[in-house]
Amino acid sequence: MSHNHYDFIIIGTGAGGGTLAYKLAPSGKKILVLEQGDFLPREKQNWDTKQVLQKGRYRTSDIWYDKDGKPINPAAHYYVGGNTKFYGGALFRLREQDFEKVLHQGGISPEWPLKYQDFAPYYDQAEKLYEVHGKRGLDPTEPPTNQDYPFAAISHEPYIEEIYYSLKNQGLHPFNLPLAVKLNEVHRHLSACIRCDTCDGFPCMINAKGDADVNGIRPAIAYNHLTLITQAKVTRLHTNASGREITQVEAEINGQHQIFSANIVVVAGGAINSAALLLKSANDQHPHGLANSSQLVGRNYMVHNCAVVMTLSTKSNPTVFPKTLALTDFYWGEKDFDYPMGSVQSLGNIHKDRIIAYGPPLMPNMVAEKIANHSIAWWVMNEDLPDVNNRVSVQDDKIVIDYKNNNEVAFNRLIERWTEILKSINQDSQSKQFSLHITQNLSLDAVGHQCGTCRFGEDPKTSVLDINCRTHDVDNLYVVDGSFFPSSAAVNPALTIMANALRVGEHLLARMK
C-alpha cells in the first residue's frame, strides 16, 4: 500500500467530477483525480451501430439488482468523461420555477435551498465551457439570462424543419435544442463535428462533443500538479476516530489496494455509485453509512419518467442529424390540466441495429432497415418526483435499486398529447402519408438522468449535504454530481450538474486559500 497526500481528491470524471477538475486545476493546488474507467479508445467501433447498439461494446458489465433480486445491467459507461461520452449533448438550464415548490398531479416537487439566480452565473460559465449552441427567445419556458448562447443554434435538416413549421402553424413554440457539439456550420472546413448519424448514444471518434473528458479533464491534466489515475476503483472511504474527517481514500488499482489522503475529498461517481460508496464506507461512527445521520443517503432516487415515441411513416426520412428540435409548451400543463407535464425532444437516428436490438425477436435486417429509414424518434420526459422509498441501497456488497414510477397521470397525458400532435401534423401534410406511433417506456436499466440520492439543504435532518454540497456529518467530504438534486425537473440534468460543479469549485478554492 502506498500513501500520498493531496489538497483535493476527486472521485469520478463525469459531468460533476470532470467539470470540478477543470475549475480547480489552475489553482496550483495538488489534485488527484481517480477514475475507475480508462480513456475511451478511439476506434472504428465508436460509430459501429451493431457494436454499440446490439453488442453494448462500451456498456459497463456491472450487475445491480432490483428490489426483487432481479439482475440489472445498467446503461452506464465507465470512462474518463463518464456518461457524457455517450450523451446527446442536450444541455438545458432548469426553469426558474423548478427551484420553487411545485404542485404536480402526482405530488409535490420541493423547493430548492438555492434559487435560479444563484445558479445563473454558473450556467453562463458552463455553457461557455461546454460550447453550447442554441438560440434565446424561442423556448417559452426558458429562464432569464443576459447571455446569448456561446454559439449559434444547430440548424434543422429539411425533414425536421417541416415538422418545426407544422408545429408553429398549430400555435406551438418549437425551438432549437441547446447542444454541446463542436459544429461550425458557417465554415464547415473548420468544424470538428461532421454532423454524422452516430452522435446521440455513441462516443465521438473525432472528439467533437462537448463532454467532460474533452472539455473538462483534458485541459485539467495539462497542469502538472494535477494527477489523473485511471482504472482506479475507489472501494472505501475511511474516517478519523471522531468520524468528522475523511483520512483515507482506498482504491483498487491494477488488482492492488492503495491508500490516498487529502484535505478535501469530493465524490462524483454519479448519484447511484456515490450513494453506494458512502453506504459501503459505514464504520462505528457512521453505522448506517458515511454522512447518513439523516438516513437519506441513497433515498429519493430520481431518474425522470422517459419514453421514446417512434413515428413510423410511409414517408422516408433522409435526415442525418435529427436531434435539433425541442418543445416545452406543456411543461407547466395545458388548458384543463393545471399541472406540469414535461418536455419533448427529437432524438438521434433510429438505426436498423437499434430496431433489431429493441424490436421483436428475429427481425430480418431488410425489415429493420426499412423501418429505420421511415422513422423518427421523440424523447418524452416528465418530472420524476422525489420519494423516500425510491432508493439505492447496498446489500451483501451489491447495489440494489428499489424504484417505483410516480407522476404517471401527467406523464401519460404528455405522451398522448404529443402523439395527437404528431398525428395532426401528418393530417395537415400535403402528402397525406400514413403514420404509426409506437411508444416505449424506459426500463430500470436506463440511468442516464440519475439524481437525488444525497440531496442538499440547510437542515441536517432532512438533507445529506449543505448548500455547498459538503456533507453535514463529515467536514472535508463533498458530493458533486446529480446526487444533490432535491427534485429532478423535466429537462436533462447535465448542465445543472456542470454549473453546480463550477459553483462548488469556487467555494472550495475560497475554503483552501
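Okay, let's start at helix α1, where G17, G18, T19, L20, A21 and L24 are buried. Put as a count, six of the eight residues in α1, which runs over residues 17-24, are buried, so the helix is mostly covered. Before I go on, keep in mind that this is a predicted model.

Just ahead of that helix is a contact I'd like you to find on screen. The C-alpha atoms of G16 and G270 are 8.1 Å apart, although 254 residues separate the two along the chain. G270 belongs to the loop that runs between β11 (256-267) and α6 (271-280). Is G270 buried or exposed? Buried, because its relative accessible area is 17%, and the cut-off for buried is under 20%.

There's another C-alpha pair to look at, this time around P364. That proline is in the loop between α7 (352-358) and α8 (365-373). Its C-alpha is 9.8 Å from the C-alpha of K352, with the two positions twelve residues apart along the chain. P364 has 46% relative accessibility, so it goes down as partly exposed.

Next, empty space. Rolling a probe the size of a water molecule over the atoms shows where some is left. Searching the whole structure this way gives six cavities of 30 Å³ or more. The largest cavity has a volume of about 70 Å³. What lines the largest cavity? The residues are W47, C193, I194, C196, T198, C199, C204, I206, A208 and K209. Sorted by class, that lining has eight nonpolar residues, one polar and one charged.

While you're in that stretch of sequence, click on R195. It sits in the loop between β7 (175-176) and α5 (212-220), and its relative accessibility of 9% makes it buried. The backbone is what caught my eye: phi of R195 is near 55 degrees, a positive value in a residue that isn't glycine. As background, most residues other than glycine have a negative phi.

D396 is another case. Its phi is also positive, about 55 degrees, and D396 is not a glycine either. You'll find D396 in the loop between β16 (391-395) and β17 (398-402). Is D396 buried or exposed? Exposed, because its relative accessibility comes out at 75%.

On to charges. Side chains of opposite charge can pair when their charged atoms come close. Over the whole structure, the search finds 23 salt bridges. I'll walk through a few.

Take E43 and R57: their side chains meet in a salt bridge, at 3.0 Å from N to O. Why say that this pair ties parts together? Because E43 is in the loop between β2 (31-34) and α2 (49-54), whereas R57 is in the loop between α2 and β3 (64-66), so the bridge connects parts 14 residues apart in sequence. E43 counts as buried at 19% relative accessibility, and R57, at 36%, is partly exposed.

Then there's K315 with E162, a salt bridge of 2.9 Å from N to O. This one links distant parts of the chain, 153 residues apart: K315 is in the loop between β12 (305-313) and β13 (325-327), and E162 is in helix α4, residues 158-169. K315 is partly exposed at 24% relative accessibility, and E162 is partly exposed with 39%.

For a bridge within a helix, go to R417 and E420, where the closest N and O atoms are 4.0 Å apart. Where do these residues lie? In helix α9, residues 408-428, and because they are three residues apart there, about one helical turn separates them. R417 has a relative accessible area of 25%, which makes it partly exposed. E420, at 48%, counts as partly exposed as well.

Beyond pairs, there's a network to show you: K85, D211, D213 and R218 are linked by salt bridges.

Last stop, the surface. Which residues form a nonpolar patch there? F434, L436 and I438 do, with about 300 Å² of accessible area together. I438 is part of strand β18, residues 435-441. With 37% relative accessibility, I438 counts as partly exposed.

That's the tour. Happy to take questions.

Definitions and conventions:
Residues are numbered from 1 along each chain as its sequence is written. This is a predicted model: local features need pLDDT of at least 70, side-chain atom pairs count only at pLDDT 80 or more; totals for chains, interfaces and linings use all residues. Side-chain values use heavy atoms; hydrogens and water are left out. On a 1 Å grid over the protein atoms alone, a cavity is a set of points where a 1.4 Å probe fits but cannot get out, and a pocket is an open set with protein on both sides within 12 Å along at least five of seven lines; lining residues have an atom within 4 Å of a point. Grid points are joined across faces, edges and corners, and a volume is the space filled by probe spheres set on the points. Ala, Val, Leu, Ile, Met, Phe, Trp, Tyr, Cys and Pro count as nonpolar, Asp, Glu, Lys and Arg as charged, and the others, Gly among them, as polar. Patches are made of residues with over 30% relative accessible area and no salt bridge: like charges are joined within 9 Å, nonpolar side chains (Val, Leu, Ile, Met, Phe, Trp, Tyr) within 5 Å. Accessible areas come from the Shrake-Rupley method with a 1.4 Å probe; for residues, only the protein chains shown count as cover. Helices (H or I, at least four residues) and strands (E, at least two) are DSSP runs, numbered from the N terminus. Buried means under 20% relative accessible area, exposed over 50%, partly exposed in between (1.4 Å probe, protein chains only).
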